[in-house]
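User: Please take a close look at one part of this model, the open sheet, and then set that part in the context of the rest of the chain.

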Amino acid sequence: MDKKSILCIGAGYVGGPTMAMIAAQCPEYKVTVADINAERIAGWNSDTLPIYEPGLKELVEKSRGRNLFFTTDVEKGIREARIIFVSVNTPTKTFGSGAGKAADLQFWEKSARLIAEQAGEDKIVVEKSTLPVRAAEAIHRILQSNTKGLNFAVLSNPEFLAEGTAVADLENPDRVLIGSMVTPEGHNALEELVEIYAHWVPREKILTTNVWSSEMSKLVSNAMLAQRISSINSISALCEKTGADISEVSHAVGMDSRVGSKFLRAGVGFGGSCFKKDILNLVYLCECCNLHEVAAYWEQVVLMNEYQKRRFAERIVKNMFNTISGKRIAVFGFAFKADTGDTRESPAIHISELLLGECATLAIYDPKALANAKADLAGAKGTIEYCSDPYEAAKDAHAIALLTDWKEFAGYDYRKIFSLMEKPAFLFDGRNILNHKELFEIGFNVYPLGKQELTHL
Ligand code: UDX
Ligand code: UDX
């Protein structure tokens, strides 16, 4: 084992980019990323990376084959590494006690057991996946139950990168958080990890806490970000009824420096692999602690998000003369946010299902997420066309439903699009990124979110 050898188990959205950044910033470390999914690893070793992320390809190419390696040989990786990050998925449990809320830790536990089995020397194990509070303790117990007398230190080092800006977030993080056990071994392990991040992150941005605070901070960060979105989305419903304009309200409220302007964009609801899962984790934790009022408070953030998606679909039906049966609806954007091909928990999935449930025909266009969209809607009943061109999607459509904030949507030739569509042509802007007045002047009936509609009807 080389002291300067790092392994990451899990070559996903978090493990891949994070390790690519560490390898680029710490050339004296050997960084290996291992995954049981051979197709994913082949992708990381090819010109077409398995995930789309601006700047990622360049970052990977800087170090790949030099001090950054992708492999399916998890066991060998464990034996060789001093520091092992675990970044496997921790989905919401679908079975047994805590189903629908608690995190399913089976992949994590399997990884821990494999580490205990393969290790020949003491190692540092770092939680990168988001785990329930006090998970590190359980993991430590599994690791320490090895019969070889080895010592493992477990650190919590949650990832705060957002998809679409992962490379920039990793390069210049608001903070790096590392939690350790309050023991001399824990402290030494913490110093080793701090040392790695200190290659490029200023020391004052590297926070060290106890391991439970670190785990808790990750859940609470995501819960509070999501809470802001649900708060502004709840007000968007009120704006549509009262004549207030959600963009104006959000701007005015956000200019109060105590509130801040970020994460106040109303939309079709938050998606992504983390927000819902982490809030439900928090809710489950509260319930286990008999804090039912606290649990109900946070659960409302998720319920409001479901309401917002439903509300958007219902607004489409209501305004298209109460029926969309047999009507073609062009869906612009399927990814859960711009600049990613990821569709996990994307609001587009649920909204599409609701529209299909009303017997609409969907023509879906997304610059990066079409393959994932196909997989997500594989079981859905109804007619769906997947279009590689937005104009093709709009052809003969009665309406456009804009669901993702891709910049390119604002740059299209909407005169041409209008001419291709059935009349009256409807446009529902679920992200408020288009020029609504201009679209209205072209002839569209425009329904922005949280604002008055502009219609010719
Ligand atoms: C993961 C976790 O899901 C999330 O809880 C945490 O906040 C960050 O890390 P992400 O990287 O987006 O998020 O997950 P995903 O893209 O699903 O990657 C996980 C990878 O782990 C997959 O490629 C999967 O094949 C791999 N894996 C899973 C293993 O290598 N071994 C296993 O036993 C299970
Ligand atoms: C989030 C956290 O931001 C990140 O710190 C954590 O590590 C993982 O989870 P991510 O899910 O990749 O990152 O994207 P994020 O930018 O947070 O967006 C999440 C969802 O909220 C998207 O669907 C986005 O469209 C939506 N959103 C965001 C809004 O609807 N309005 C906003 O103002 C901001």
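Analyst: In this predicted model, six strands form an open sheet in the order β11-β10-β9-β12-β13-β14, with parallel pairing; strands here are DSSP runs of E of at least two residues, helices are runs of H or I of at least four, both numbered from the N terminus, and two strands pair if DSSP finds at least two bridges between them. The edges are taken by β11 (384-387) and β14 (445-448), each of which has a single partner strand, so one side of each is left without a neighbour in the sheet. From one strand to the next the twist averages 20°, where axes are lines fitted to C-alpha atoms, for helices over the stretch in contact, and angles run from 0 to 180 degrees between N-to-C directions.

Residues are numbered from 1 along each chain as its sequence is written, chains are lettered from A, and ligands are numbered from 1 in the order in which they are written. Because the model is predicted, local features need pLDDT of at least 70 and side-chain atom pairs count only at pLDDT 80 or more, while totals for chains, interfaces and linings use all residues.

Within the sheet, strand β9 (residues 328-332) runs parallel to β10 and is joined to β10 by five bridges, with F332 having Y365 as its bridge partner. Strand β10 (residues 361-365) has five of its five residues buried, so β10 is largely enclosed by the rest of the structure; a residue is buried if 20 or more other C-beta atoms, placed from the backbone, lie within 10 Å of its own, exposed if 12 or fewer, and partly exposed in between. Both faces of β10 are covered, with T361, A363 and Y365 buried on one side and L362 and I364 buried on the other.

Towards the β14 edge, β13 (residues 426-429) pairs with β14 in the parallel sense over four bridges, and F428 stands opposite Y447 in β14. Helix α12 (residues 292-319) lies across β12 (399-402), β13 and β14, running at about 165° to β13; contact means that the C-beta atoms of two residues, placed from the backbone, lie within 7 Å.

As for the wider chain, it is divided into domain 1 (5-201) and domain 2 (210-457), with bounds that come from an automatic or database domain assignment. The centres of the two domains, taken over C-alpha atoms, are separated by 32 Å, and 28 residues of domain 1 are in contact with 27 residues of domain 2. On the side of domain 1 that touches domain 2, α6 (135-144) and β7 (176-180) each supply at least two residues, and β7 gives the most, with four. That side divides into 17 nonpolar, seven polar and four charged residues, where Ala, Val, Leu, Ile, Met, Phe, Trp, Tyr, Cys and Pro count as nonpolar, Asp, Glu, Lys and Arg as charged, and the others, Gly among them, as polar.

The shell around ligand 2 draws at least three residues from each of domain 1 and domain 2. Of its 19 residues, A162, E163, R265, F270 and G272 come nearest, a residue being near a molecule if its C-beta atom, placed from the backbone, lies within 6 Å of it. Helix α9 (residues 211-242) provides the largest share of this shell, three residues, and by class the shell around ligand 2 holds eleven nonpolar, four polar and four charged residues.
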